[in-house]
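Reader: Please give me a close look at one part of this model, then follow its surroundings outward into the rest of the fold. I would like the reasoning kept explicit where burial or pairing is concerned.

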Amino acid sequence: MNKLLKILWIIFFLIPEISFAQKIDEEELLKDMEYLSSDKLGGRKPLSEGSLKAREYIRSRFEALGLTSQYRNYTQYFSFRNERDGQFYENSANIIGFVPGEETEKLIVVMAHYDHLGIQGDKIFNGADDNASGTAAVMALAKYFSFKRPKHSMMFVALDAEEMGHQGAKALVEDFPFPLEQVVLNINLDMISRNVHQELYAAGTYHYPYLKPLIEKVSEGRNPKLLFGHDQPEMGRGDWTLSSDHAQFHLNGIPFIYFGVEDHEDYHRETDTFDRIDQKFYVAAVQLILDVLISLDKNLL
């Protein structure tokens, strides 16, 4: 084989990887979300059969991607008592993968909660937008950075028991495998797959304003439209600063960006199903989040 043919042969086999490195795997993203929000998983209440299936699905993906982990078998177990029903939950689990940075040991933690409300009576609360959407996105982002190593080290986390008071996030922060001072940013994805106005929020820049211009530069003119807000104390219940798992990082002085949509009519109802998401919006939202994350990784010290 002459030199030109060898070059063409190499290019032919590299094309899939090159094209992949520029965008999210849309087909896999939607497939993952559909499975996580299916009746088979029964709403993913902690310790339920569906929750165990979700755990293994995510864990297997991290393993297949070749991610490392500071936890055995990618799993951080924790136990807690749910103050709402008095029940003790033993061996709930966060699933954690890790990609070492090329230039620094400082960390960006990318996370989403995979639990939801489970089965209540004869109704399955599938939790498609809340939060199969964020969980599938974390797996997609992990896949991207497993192929294209980031500047910062990145931890990809699927958290359990958010719906019971951010228990997975509390456990992660309390048993974090590195000094918390190494974490330069927390990215939390919670409800990112639908909005009638084609709007996605990035909350957190009120508290950490230096992040805003880095995000604006990437998001300008994009669809969905990325808005800032829902992070000011005077908004009362409209302030999302403590509304999801990122709160546990913020309370420890760690900067966060929380990507999410405003509540819709299916929020915490049995009608939050895969068929009601906006697939075009969702794919574009995850791609936008990826591009923002690439920029933040490049520009943060």
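Author: A residue is called exposed here when its relative accessible area is over 50%, buried when that value is under 20%, and partly exposed in between. The model is predicted, and the part chosen is helix α2.

Helix α2 covers residues 26-36, and its buried residues are Leu-29, Leu-30, Asp-32, Met-33 and Leu-36. Seen along the helix axis, these buried residues occupy an arc of 160°, so they line one face of α2. On the face turned away from that buried side, the helix carries Glu-27 and Lys-31, both of which are exposed. The cover over the buried residues of α2 includes helices α3, α4 and α8, and each of these three leads into another part of the model. Asp-32, one of the buried residues of the helix, also belongs to a network of salt bridges that links it with Asp-25, Glu-28, Arg-61 and Lys-143. By the rule applied here, the count of salt bridges comes to twelve.

Of the covering helices, α3 can be taken next. Helix α3 spans residues 49-64, and within it Glu-56 and Arg-59 are three residues apart, which places them about one helical turn from each other. An α-helix has 3.6 residues a turn, so residues three or four places apart point the same way. The side chains of Glu-56 and Arg-59 do meet in a salt bridge, with N to O at 2.9 Å. The two partners differ in their surroundings, since Glu-56 is partly exposed at 38% relative accessibility, whereas Arg-59 is buried at 10%.

Phe-62 leads from here to the interior, being among the residues with the most contacts inside the largest nonpolar core, which has 69 residues; the others so named are Phe-156, Ile-187, Leu-189, Phe-259 and Tyr-282. Beyond its neighbours within four places in sequence, Phe-62 is in contact with Leu-67, Tyr-74, Ile-95, Ile-96, Gly-97, Val-138, Met-139, Ala-142 and Phe-156. Another core lies apart from this one and has 16 residues, including Tyr-71, Met-111, Met-155 and Ala-169.

Ile-96, one of the contacts of Phe-62, stands opposite Val-157 in β6, and this brings in the sheet. Strands β2 and β6 pair in the antiparallel sense over five bridges. Nine of the twelve residues of β2 are buried, so this strand is largely enclosed by the rest of the structure. Strand β2 also runs antiparallel to β1, to which six bridges join it, and Arg-81 stands opposite Phe-88 in β2. The hairpin of β1 and β2 has six residues between the strands, and in it Gly-86 takes a positive phi near 75°.

The open sheet as a whole has eight strands in the order β1-β2-β6-β3-β7-β10-β8-β9, with mixed pairing. Strands β1 (75-81) and β9 (225-228) stand at the edges with a single partner each, so one side of each has no neighbour in the sheet. On average, neighbouring strands are turned by 25° against each other, direction ignored. A parallel pairing is found between β3 (residues 104-113) and β7 (residues 183-189), over five bridges, and within it Leu-107 has Val-183 in β7 as its bridge partner.

Helix α4 (residues 128-147), which is part of the cover over the buried side of α2, packs on this sheet; it touches β2, β3, β6 and β7, and its direction makes about 150° with that of β3. Helix α5 (residues 167-174) packs on the sheet as well, touching β1, β2 and β6, with its direction at about 120° to that of β1.

The remaining covering helix is α8, in which Ser-295 is found. Ser-295 is buried, with 11% relative accessibility, and it touches Leu-214 and Val-218, residues up to four places away in sequence being left out of the count. A salt bridge joins the side chains of Arg-222 and Asp-291, N to O, at 2.8 Å. This pair links distant parts of the chain, for Arg-222 is in the loop between α6 and β9 while Asp-291 is in helix α8, 69 residues apart. Arg-222 itself is partly exposed, at 27% relative accessible area.

Key:
Residues numbered from 1 in each chain as written. Predicted model: local features only at pLDDT ≥ 70, side-chain atom pairs only at ≥ 80, totals over all residues. Heavy atoms only, no water. Pairing = 2+ DSSP bridges. Helix = DSSP H or I, 4+ residues; strand = E, 2+ residues; numbered from the N terminus. Axes fitted to C-alpha atoms, helices over the stretch in contact; angles between N-to-C directions. Contact = heavy atoms within 4.5 Å. Core = buried A, V, L, I, M, F, W, Y, C linked by side-chain atoms within 4.5 Å. Buried < 20%, exposed > 50% of the residue type's maximum accessible area, 1.4 Å probe, protein only. Salt bridge = Lys/Arg side-chain N within 4 Å of Asp/Glu carboxyl O. Arc of directions from axis to C-beta.
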